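Let's walk through this model together, going from the contacts between its chains down to a single side chain and the helix it meets. Keep the viewer open as you read.

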Amino acid sequence: MKRETIEMLLSGAAGVLFGVGLVVGGMTQAEKVLGFLDIFGAWDASLVFVMAGAIGVHAIAYWWIRGRTAPLFAASFVIPQRRDIDAKLLAGAALFGVGWGLSGFCPGPAIVSLGSGSIAVGIFVVSMLLGGVATMKLEAFLNARHSGAARE
Amino acid sequence: MHNLTPFSALIGGVLIGLASSLLLIASGRIAGVSGIFGYLLVGKPGDRAWRAAFLLGLLATGLLFTWFQPSAIGASPRSLGALALAGLLVGIGTRLGNGCTSGHGVCGISRGSPRSLLATITFVGTGMLTVALVRLLGGAA
């Protein structure tokens, strides 16, 4: 089997496992997620346990790969390297949080929830798609213009 | 705190951690759903297969649960208009900030990224503020 095929199959398996984790953890219950964000109400701290379980396990993976130059079925690791804090990061995170608090959905659970055939979820995901693509296109355009201007 | 489900939450988290670790060790990739989704649509052709596979995995899980345990997926109590706006904000915010709960919250924090820690604190913060505001303005949480 080609390496690319194995990579694709394992990515699919990771997606399924991730989805199961989201469901078991309660992340596909929008009301439950809103309950975590409802600190002035009946606060449901469950999401803290989800994060703790996820980070506890995943941190080990980062430790395990630290000596390696490449993953098992791809040419290289593609891990963000930036350490700086900028306005874009904070503004983006802030906006994302508002959207999350307005709906109880973040990207992963929303895509899993598409499987329910809900129109409401479909509307959320399409909007997310539009907002995301528009932002990426705008960023690319602005970056291109910036490097074009810098060359002059 | 009568809705607390610490054990299933922890187990769910462990599964998420395992899935993210599988993606990292096998493909060398970050299990940040907003990025995987974003670059599937706007990215390079050779870089799409693993993204599509991962997202299809998520979708397939949703389909399976819908068939066998539909209560696993809970609807949002918010209006369609709110969901449309929310989706837009999530789409814009996650691309502007380069991550979401999985990308920053799980993967970024797991590797000790200060960017991700701060991003996570920020989006949890504004998320909580938003719910509080909706509550204040008369909507149920």
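Between chain A and chain B there are 3 salt bridges. Keep in mind that this is a predicted model, so please read every distance here as computed from predicted coordinates. One salt bridge to look at pairs A:Asp84 with B:Arg115, where the closest N and O atoms lie 3.9 Å apart. With a cut-off of 4 Å for such a pair, this one counts because 3.9 Å falls within it.

Polar contacts add to the picture: the rule finds 24 residue pairs in polar contact across the interface of chain A and chain B, both residues being at pLDDT 80 or more. Which helices of chain A supply at least two residues each to the side that touches chain B? They are H1 (3-25), H2 (30-37), H3 (46-64), H4 (87-103), H5 (107-114) and H6 (119-151). H1(A) gives the largest share of that side, with 18 residues. Sorted by character, the residues of chain A that touch chain B comprise 64 nonpolar, 26 polar and 11 charged.

Now step back to the whole interface. Here 101 residues of chain A are in contact with 103 residues of chain B. The two chains bury about 9,200 Å² between them, and 76% of this is on carbon and sulfur atoms. Of the area that chain A buries against chain B, A:Phe18, A:Leu102 and A:Met136 supply 8%, more than any other three residues.

For a closer view, pick out A:Ser127, which sits in helix H6 of chain A. Is A:Ser127 buried or exposed? A:Ser127 counts as buried because its relative accessibility is 9%, and the cut-off for buried is under 20%. Leaving aside residues up to four places away in sequence, A:Ser127 touches B:Ala84, B:Gly87 and B:Leu88. Its side chain reaches the backbone oxygen of B:Ala84 at 3.3 Å.

Those partners lead us to helix H4 of chain B, which covers residues 80-96. H4(B) has 17 residues and reaches 24 Å from its first C-alpha to its last, close to the 24 Å expected at 1.5 Å a residue. Buried residues in H4(B) include B:Ala82, B:Leu83, B:Ala86, B:Gly87 and B:Leu89. Further buried residues of this helix are B:Val90, B:Gly91, B:Gly93, B:Thr94 and B:Arg95. Note that B:Gly87 is among the buried residues of H4(B) and is also touched by A:Ser127. Just after H4(B), look for B:Asn98, which takes a positive phi of about 55 degrees.

Key. Residues are numbered from 1 along each chain as its sequence is written. Chains are lettered from A and ligands numbered from 1 in the order in which they are written. This is a predicted model: local features need pLDDT of at least 70, side-chain atom pairs count only at pLDDT 80 or more; totals for chains, interfaces and linings use all residues. Side-chain values use heavy atoms; hydrogens and water are left out. Contact means heavy atoms within 4.5 Å. Buried area is the accessible area (1.4 Å probe) that two parts lose on being put together, summed over both. A salt bridge is a side-chain nitrogen of Lys or Arg within 4 Å of a carboxyl oxygen of Asp or Glu. A polar contact is a pair of N or O atoms within 3.5 Å; within protein, one must be able to donate a hydrogen and the other to accept it, and residues adjacent in sequence count only if both atoms are side-chain atoms. Helices (H or I, at least four residues) and strands (E, at least two) are DSSP runs, numbered from the N terminus. Ala, Val, Leu, Ile, Met, Phe, Trp, Tyr, Cys and Pro count as nonpolar, Asp, Glu, Lys and Arg as charged, and the others, Gly among them, as polar. Buried means under 20% relative accessible area, exposed over 50%, partly exposed in between (1.4 Å probe, protein chains only). The expected span of a helix is 1.5 Å times one less than its number of residues.
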